[in-house]
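Me: I've got a chain to go through with you, and I'd like the reasoning along with each answer. Here it is.

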Amino acid sequence: MTIKRTLSRVALALPAIALLIAPASAHRRWLLPSATVLSGDHEVVSVDAAIANGLFYFDHHAMPLDDLVVTGPDGKAVQPKIIGSGKYRSVFDVLLDTQGTYRIALASNGVFGSYMLNGERKRWRGSAEAAKTGIPAGATEVQLTPVASRVETFVTLGAPSTTALKPTGKGIEMEPVSHPNDLVAGEAAKMRFLIDGKPAPGLDVEFVQGGTRYRDKEAMQHITTDADGIATLNAGAPGMYYLETSNGGGREAPKGGTRMSYAAVLEFLPG
């Protein structure tokens, strides 16, 4: 079977894929900014990138920054300053020198899978193009699954703007109806979710308040997007919140097609 035919058929997911595409109470992936709303002519925001059991505590391992993209208020790419990665977190700085909203994201598109070679099952990950040459010619039982993943957060210097918030049209994305840096606890916030640029009704969105270490219960809400792909978020208290969804409609990823996931960190300020 050729790699091209295998990609078109798409096989079952590997456990590694579940970490990327299925909402779960463990091993959440997040970008946590030091601040989300700032003023002045210029500022610097430090961002922690981690994969962890709790929100927002560093207790599992650091998130790679290979797919980091920062979009400035003018829609152009901003070059972050990478501080480095330790065991539990990666850290980078973003210079805010233009007024408006910045979109900070880890967005990846590729394939995960496995194959048999010399009686052993091997795992593989990379781009679809790299799979054509990256998997040995003698491999059998090749199983590859396309995956699209996005993890992001937002920060604003001065007045909020919307240019950086425009969807790319790839994978699951959040198109804010309420500006992500103008959210207030006790007031409903509306976010439209898209799949490949089109409204995604029926998505199960997990909405979780940070500080999970200090609660017996996780304070999680399950919100289903409406016919227009809109989820209404209600934060009962100020603080950082995490949301996550996938095109599996919950914890199970879909069979066939591209497996997609989305996660974001939002701050709700006091009223």
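Me: What share of the residues in the chain is buried?
Reply: Bear in mind that this is a predicted model. A residue counts as buried when its relative accessible area is under 20%. Across the 271 residues of the chain, the buried share comes to 48%.

Me: And how many helices and strands are there in the chain?
Reply: Strands are a big part of the vocabulary here, so let's count both kinds by their DSSP runs. The chain has 19 strands, and the helices number three.

Me: For contacts with a separation of 6 or more, what percentage comes from residues 24 or more positions apart?
Reply: A contact here is a pair with heavy atoms within 4.5 Å. Take those in the chain with a separation of 6 or more, and the part owed to residues 24 or more positions apart is 68%.

Me: How much of the accessible surface belongs to carbon and sulfur atoms?
Reply: The chain's accessible surface is about 12,800 Å². Of that area, the part belonging to carbon and sulfur atoms is 51%.

Me: On to charges. Which residue does E206 meet in a salt bridge?
Reply: Side chains of opposite charge can pair when their charged atoms come close. For E206, the N to O distance in its salt bridge is 3.8 Å, inside the 4 Å cut-off. The partner is R28.

Me: How far apart in sequence are the parts that this E206 and R28 pair ties together?
Reply: E206 lies in strand β15 (residues 204-209), while R28 belongs to strand β1 (residues 28-33). Because the two residues sit in those two strands, the salt bridge ties together parts of the chain with a sequence separation of 178 residues.

Me: Are E206 and R28 buried or exposed?
Reply: The limit for buried is under 20% relative accessible area. E206 has 1% relative accessibility, so E206 falls below that limit. R28 also comes out at 1%, so the word for R28 is buried.

Me: What about D48 and R89: which of these two counts as partly exposed?
Reply: D48 and R89 form a salt bridge, with their closest N and O atoms 3.4 Å apart. D48 is in strand β3 (residues 43-52) and R89 in the loop between β7 (81-85) and β8 (90-96), so by position along the chain the partners are 41 residues apart. At 15% relative accessibility D48 counts as buried. The residue at 36%, which counts as partly exposed, is R89.

Me: Which strand holds R192, the salt-bridge partner of E175?
Reply: The side chains of E175 and R192 meet at 3.5 Å, N to O. E175 is partly exposed at 26%, and R192 is partly exposed at 23%. E175 sits in strand β12 (residues 172-176), and 17 residues away in sequence, R192 sits in strand β13.

Me: Which residues do salt bridges with shared partners join into one network?
Reply: By the 4 Å rule, the total count is eight salt bridges. Some of these share partners, and the network they make consists of R103, R150, E152 and E173.

Me: Which strand gives the most to the lining of the second largest pocket?
Reply: This pocket has a volume of about 280 Å³. Of its 19 lining residues, the closest to its centre are V69, R103, A107, R150 and T168. At least two lining residues each come from β5 (68-71), β9 (100-117) and β11 (140-157). With five residues, the strand that gives the most is β9.

Me: By class, how many charged residues are in that second largest pocket's lining?
Reply: Sorting the lining by class gives six nonpolar and nine polar residues. The charged residues number four.

Me: How far is Y241 from Q209 in space, C-alpha to C-alpha?
Reply: Y241 is in strand β18 (residues 239-246) and is buried, at 4% relative accessible area. Residues touched by Y241 include F56, F207, Q209 and L266. Although Y241 and Q209 are 32 residues apart in sequence, their C-alpha atoms are separated by 4.5 Å.

Me: Which peptide bond is cis, with omega near -5°?
Reply: Look at F56, one of the residues that Y241 touches. F56 lies in the loop between β3 and β4 (61-62). The cis bond runs from L55 to F56.

Me: Last one: what is the phi of D196 near?
Reply: D196 lies in the loop between β13 and β14 (198-199) and is partly exposed, at 43%. Its phi is positive, in a residue other than glycine, with a value near 50°.

Methods:
Residues are numbered from 1 along each chain as its sequence is written. This is a predicted model: local features need pLDDT of at least 70, side-chain atom pairs count only at pLDDT 80 or more; totals for chains, interfaces and linings use all residues. Side-chain values use heavy atoms; hydrogens and water are left out. Helices (H or I, at least four residues) and strands (E, at least two) are DSSP runs, numbered from the N terminus. Buried means under 20% relative accessible area, exposed over 50%, partly exposed in between (1.4 Å probe, protein chains only). Accessible areas come from the Shrake-Rupley method with a 1.4 Å probe; for residues, only the protein chains shown count as cover. On a 1 Å grid over the protein atoms alone, a cavity is a set of points where a 1.4 Å probe fits but cannot get out, and a pocket is an open set with protein on both sides within 12 Å along at least five of seven lines; lining residues have an atom within 4 Å of a point. Grid points are joined across faces, edges and corners, and a volume is the space filled by probe spheres set on the points. Ala, Val, Leu, Ile, Met, Phe, Trp, Tyr, Cys and Pro count as nonpolar, Asp, Glu, Lys and Arg as charged, and the others, Gly among them, as polar. Lists of a residue's contacts leave out its neighbours within four places in sequence.
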